[in-house]
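Let's take a walk through this one, looking at how the chains relate, how the rings pair up and what the cysteines are doing. Have the model open as you read.

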Number of protein chains: 2
Amino acid sequence: VTSAIAPVRWEHDRLVLLDQRLLPAQELERVYGRWEDVADAIRTLAVRGAPAIGVAAAFGVVLAARTSTAMTFGALAADLDVAFKGLAGTRPTAVNLFWALDRMRRALESLTDRPLDEVRARLLKEAQAILDEDVAANRALGEHGAALVPGRARILTHCNAGALATAGYGTALGVVRSAHTQGKVAWLWVDETRPVMQGSRLTAWECVRDGIPHRLIADVAAASLMARGEVDLVVTGADRIAANGDTANKIGTYALAVLARHHGVPFYIAAPYSTIDPTLPSGAHIPIEERDPGEVRRVGDRPTAPEGSPVYNPAFDVTPATLISAIITERGVVRPPYRFSEGG
Amino acid sequence: VTSAIAPVRWEHDRLVLLDQRLLPAQELERVYGRWEDVADAIRTLAVRGAPAIGVAAAFGVVLAARTSTAMTFGALAADLDVAFKGLAGTRPTAVNLFWALDRMRRALESLTDRPLDEVRARLLKEAQAILDEDVAANRALGEHGAALVPGRARILTHCNAGALATAGYGTALGVVRSAHTQGKVAWLWVDETRPVMQGSRLTAWECVRDGIPHRLIADVAAASLMARGEVDLVVTGADRIAANGDTANKIGTYALAVLARHHGVPFYIAAPYSTIDPTLPSGAHIPIEERDPGEVRRVGDRPTAPEGSPVYNPAFDVTPATLISAIITERGVVRPPYRFSEGG
């Protein structure tokens, strides 16, 4: 299965994003010419998924360089500094965002005092490389992960770690795609992933589009499936992996890891190496974003709770490394104990 | 805290139900004069909650007796037989429904060949007794359960086992109400309870109405709260309890029980004795209702998944007795091992 879904693209000197807030009802692409609008798209989840927001932010820097009226390298760098900070301030948890911005900043610094046209061209090349490498990493980790999947597997995933969450193909869903190509997937259990419903809205949409057999469940139904032996493995993506393997991912991931352990089901994380943050010794140091209470009080514009009810709405949780059977990256499958270092 | 919420009432020779499908946006009472409409109200969740559907079904039998044009006891019994079967066929899991209908049937049989006016009056009296006894049972089990609650407790509940799920006051939420009256509740964690959202729509509504401090969360957030030590106990209702203590309740209850065990948090079931089905040796024998895929594919009329995605939508799961710290009934607190017998 090769996925033609390209949620983040550079076309005619503009960034094109598939607006993920409208899926599955509507497939609408938006065209971005200003970095401020890209930052807003990241903040409001028009584009989401750790690798995808890294790629989008990199192109945000490209747009900032192109819209800057600076005439000197110093003035351009000052303008870009504003963009770097604005893009970095959109979402706190996924490290790929900071990784991609760091890479763009290093590219910029390597071009000090070069002609501005060359700087702009090289920044575009760097963003395009980040995108291309992400797709390649996903395909590689998909192959590595598929080797862990038994025949006729019933796989459970959470949230969307698919083509939509990346530059294409997907991480957890990349593993599923590769295993499906090898004829090993009976079906994928897709959980809804409240409150933003990336499972039912996005992962199910990818499955329908690419012909991956799947069954949708409410998040709360996963445990009884495991109790009945109907889940052979769980695989999810990641937003940040600490040096010891503790992994932040979409809220609800930790519950699945505990449930998987209780039922003897393997629990895998699939993510590109850019998701690893070796500067953090453990998951306790990963900042967890809290989002708008409205995400829980409403679905779309339909109220599902009293407006007067206080809400606690963390977007991520941390799964301790001890509950993770293996971490699948483009470099291969890593088993515990995990010890990720800055040297890679 | 005494709750004035009376979701099932007999008034002016009619059954009055608060339509729970419309909460929290709208508080609408519907008046029922025909048993067939009561059956439909149970099937479509206008009234829900194991004790509440038992009470509603009992009044359905009363309405069937009143609308019957039978002139002899035999003809009336034949008409009522149709109503008994129709009401029993609405929902399969909650045993209180069958318990209440059995009780109405025994009342009918004790009146064989009595004048039909007397039969009708006595059936009404029996239904009213079922309702009154349910409220009394809830208040008693609320007191028993409150004794298990420590001071400044942060309690997690699932679904709605409140006044709305019963004839009034509530089972799990009855425990919370009693503990709150004693000043022991810091706050109640209310989870949404996808797909029908009885937590956010109904339990949060009861909390707002009765001034019970609460915080709403997505179902998937419970695990990380437990990991951070922010849940002191879990208490839920039940739809059917087998002789060995295995308990069917709203889908998602089992996951909370596994998570509670993993984190060393006490997990309690609160239910009236009418929820116990001593004829079933274990939870493996409890029939689990599967409901319309549309409940998962949509919220209200808003699509949240592709129409082409297959759905698995069980309404209940079974929590094994080994994960239940205690079962709270109106007769007191029962600890494992559970051995419920027909004699009570």
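A charge sits over a ring if NZ of Lys or CZ of Arg is within 6 Å of the ring centre and within 35 degrees of the ring normal. Keep in mind that what you're looking at is a predicted model. In chain A, Arg331(A) lies over the face of Tyr273(A), at 3.5 Å from the ring centre. Lys250(A) does a similar job for Phe316(A): the charged end of the lysine sits over the ring, 4.5 Å from its centre.

Now for the chains. A turn of 180° and a shift of 0.0 Å along the axis lay chain B on chain A, with an RMSD of 0.0 Å. That makes the relation one of a two-fold axis. As for how they touch, 100% of the interface residues of chain B are also interface residues in chain A, so the copies meet through the same surface.

On to the rings. Over all chains there are ten aromatic pairs. Here are two of them:

| Pair | Geometry | Centre to centre | Angle between planes |
|---|---|---|---|
| Trp189(A) and Tyr312(B) | tilted | 6.0 Å | 55° |
| Tyr312(A) and Trp189(B) | tilted | 6.1 Å | 55° |

Where do Trp189(A) and Tyr312(B) lie? Trp189(A) is in strand S5 (residues 185–191) of chain A, while Tyr312(B) is in the loop between strand S13 (302–303) and strand S14 (316–319) of chain B, so this pair joins two chains. Both partners are tucked away: Trp189(A) counts as buried at 2% relative accessibility, and Tyr312(B) counts as buried at 13%.

For the pair of Tyr312(A) and Trp189(B), the tyrosine is in the loop between strand S13 (302–303) and strand S14 (316–319) of chain A and the tryptophan is in strand S5 (residues 185–191) of chain B, so here too the pair joins two chains. Tyr312(A) is buried at 12% relative accessibility, and Trp189(B) is buried at 2%.

There's a further ring to add to the picture: ring pairs link Trp187(A), Trp189(A) and Tyr312(B) into a cluster.

Last, the cysteines. How many disulfides are there over all chains? The count comes to zero. Take Cys159(B), which is in no disulfide: its nearest cysteine sulfur belongs to Cys207(B), 13 Å away. A disulfide would need the two sulfur atoms within 2.5 Å. Cys159(B) is buried, with a relative accessible area of 7%. Cys207(B) is in no disulfide either, its nearest cysteine sulfur being that of Cys159(B), and it counts as buried at 1% relative accessibility.

Methods
Residues are numbered from 1 along each chain as its sequence is written. Chains are lettered from A and ligands numbered from 1 in the order in which they are written. This is a predicted model: local features need pLDDT of at least 70, side-chain atom pairs count only at pLDDT 80 or more; totals for chains, interfaces and linings use all residues. Side-chain values use heavy atoms; hydrogens and water are left out. Copies are superposed by least squares on the C-alpha atoms of residues with pLDDT of at least 70 in both. Contact means heavy atoms within 4.5 Å. Rings of Phe, Tyr and Trp (its six-membered ring) pair if their centres lie within 6.5 Å; planes under 30 degrees apart count as stacked, over 60 as edge-to-face and the rest as tilted. Helices (H or I, at least four residues) and strands (E, at least two) are DSSP runs, numbered from the N terminus. Buried means under 20% relative accessible area, exposed over 50%, partly exposed in between (1.4 Å probe, protein chains only).
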